Amino acid sequence: MITLSHLTMRLAGGGHQITILDDVTFEIPDKQRVAIVGHSGSGKSTLLGLIAGLDRPTSGSIMLDGTDISRMRESDLARYRRDHIGYIFQSFHLIPTLTALENVLVPLELAGTSGAQTRATDLLKSVGLGDRLHHYPVQLSGGEQQRVAVARSFACRPPILLADEPTGNLDSVTGQQIMNLLLSLHRECGATLILVTHDRTMAASMERVITLRDGRVESDTRIGSDHLPAESSR
Ligand SMILES: Nc1ncnc2c1ncn2[C@@H]1O[C@H](COP(=O)(O)OP(=O)(O)O)[C@@H](O)[C@H]1O
Ligand SMILES: [Mg+2]
């Protein structure tokens, strides 16, 4: 369970403070699929970064199974990220000097996982890149790069998967393929999935849609869990 209580994020800018998140309070049960939507600048990425432990709130708390990560020491926070969080970015964020396989190996080796090579290879095969293992990011299309990033995010079987507009830089067909991949890997791993998206269709494949507006929760809607695409869609 992720519990956000009265989360506020303010930054000093141009001599005055700007409020990026304002009194955000909600809970996300384990394994829920949640979409975060809202206009550009509404605070979605900031919220994701706080849940990822990449940043600390100005006030409020972020409890994960009873532990407040906003008050953790930096070294504990690094371990929290390593053990709990998978993150997918809009712009892929692969390491350009590493091959597809090496990119997926990074988190596995950091975690000291045994059988890392096999796990990384299997994951890349499962995202349809079995024949691209030794390609560098620059040799891959945008869709292929995001497949590598998806494989990497699942590598350590994180209980929380955060995706910040993962299809935002892709055409709609490729975007839908990435989304199907994400959903099918998510089904196998059973992580909590928090997806920031502008795409209403993608939001509709989640169980719940939280809308942010000017840093506040404007609405929080449960939707049916029967919107998943077919099992064979990846
Ligand atoms: N490091 C920063 N310094 C100043 N302003 C920031 C910073 N990060 C985000 N902002 C501002 O906070 C608001 C929310 O940003 P963000 O969380 O990226 O929104 P979204 O992801 O919904 O587009 C925006 O107005 C943005 O300009
Ligand atoms: Mg954003």
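A residue counts as buried under 20% relative accessible area, as exposed over 50%, and as partly exposed in between. Keep that scale at hand for the stops below, and bear in mind that the structure on screen is a predicted model.

**Stop 1: Gly168 and Thr197**

Begin by selecting Gly168, which is found in the loop between strand E7 and helix H6; because its relative accessibility is 44%, Gly168 counts as partly exposed. Then add Thr197 to the selection and draw a distance between the two C-alpha atoms, which are separated by 7.8 Å although the residues stand 29 apart along the chain.

**Stop 2: the surroundings of ligand 1**

Move to ligand 1 and display the residues that surround it, namely Leu11, Ile18, Ile20, His39, Ser40, Gly41, Ser42, Gly43, Lys44, Ser45 and Thr46. Coloured by character, this shell divides into three nonpolar residues, seven polar residues and one charged residue. Two elements, strand E2 (16-28) and helix H1 (44-51), each supply at least two residues of the shell, and the largest share, three residues, comes from H1.

Which residues bring polar atoms to an oxygen atom of ligand 1? Start with Gly41, where a backbone N or O atom lies 2.7 Å from an oxygen atom of the ligand, and continue to Gly43, where a polar backbone atom is 3.1 Å from a ligand oxygen. Ser45, by contrast with a backbone contact, uses a polar side-chain atom, which lies 2.9 Å from an oxygen atom of ligand 1. On its own, ligand 1 has 560 Å² of accessible area, and the protein covers 54% of it.

**Stop 3: helix H1**

Stay with H1 and select the whole helix, then ask whether it is largely enclosed or largely open. Six of its eight residues are buried, so H1 is largely enclosed by the rest of the structure. The buried residues to highlight are Lys44, Leu47, Leu48, Gly49, Leu50 and Ile51, and Lys44 is also one of the residues around ligand 1. Just after the helix, select Gly53, whose phi is positive, at about 75°.

**Stop 4: salt bridges**

A search of the whole structure finds eleven salt bridges, and this stop visits some of them. Select Arg216 and Asp22, which form a salt bridge with the closest N and O atoms 2.8 Å apart. This pair links distant parts of the chain, since Arg216 belongs to strand E10 (residues 216-222) and Asp22 to strand E2, with their positions 194 residues apart in the numbering. Arg216 counts as partly exposed at 42% relative accessibility, and Asp22 is likewise placed in the partly exposed class, at 23%.

Next, select Arg79 and Asp76, whose side chains meet in a salt bridge of 3.3 Å, N to O. Both lie in helix H2 (residues 74-84), and because they are three residues apart there, about one helical turn separates them. In an α-helix there are 3.6 residues a turn, so residues three or four places apart point the same way. Arg79 is partly exposed at 42% relative accessibility, and Asp76 is partly exposed at 24%. Adding Arg73 to the selection completes a network of salt bridges made of Arg73, Asp76 and Arg79.

For another pair, select Asp131 and Arg132, where the closest N and O atoms of the salt bridge are 3.3 Å apart. Here Asp131 counts as exposed, at 53% relative accessibility, whereas Arg132 is partly exposed, at 24%.

**Stop 5: the largest nonpolar core**

Hide the side chains shown so far and turn to the largest nonpolar core, which has 39 residues; among these, Val104, Leu124, Val148 and Leu182 touch the most other members. Strand E3 (33-37), helix H3 (100-110), helix H4 (116-126), helix H5 (142-154), strand E7 (160-164), helix H6 (172-189), strand E8 (192-196) and helix H7 (200-203) each supply at least two residues of this core. Of the contributing elements, H6 gives the most, with six residues. In soluble globular proteins, nonpolar side chains tend to be buried together.

**Stop 6: Glu207**

End the tour at Glu207, which has its place in the loop between H7 and strand E9 (208-213). Is this residue buried or exposed? With a relative accessible area of 15%, Glu207 is buried. Select Arg33 as well, and trace the contact in which the side chain of Glu207 reaches the backbone nitrogen of Arg33 at 2.7 Å.

Key. Residues numbered from 1 in each chain as written. Chains lettered and ligands numbered in written order. Predicted model: local features only at pLDDT ≥ 70, side-chain atom pairs only at ≥ 80, totals over all residues. Heavy atoms only, no water. Near = heavy atom within 4 Å. Polar contact = N/O pair within 3.5 Å; in protein donor to acceptor, adjacent residues only side chain to side chain. Areas by Shrake-Rupley, 256 points an atom, 1.4 Å probe, with all protein chains shown as cover. Helix = DSSP H or I, 4+ residues; strand = E, 2+ residues; numbered from the N terminus. Nonpolar A, V, L, I, M, F, W, Y, C, P; charged D, E, K, R; others polar. Salt bridge = Lys/Arg side-chain N within 4 Å of Asp/Glu carboxyl O. Buried < 20%, exposed > 50% of the residue type's maximum accessible area, 1.4 Å probe, protein only. Core = buried A, V, L, I, M, F, W, Y, C linked by side-chain atoms within 4.5 Å.
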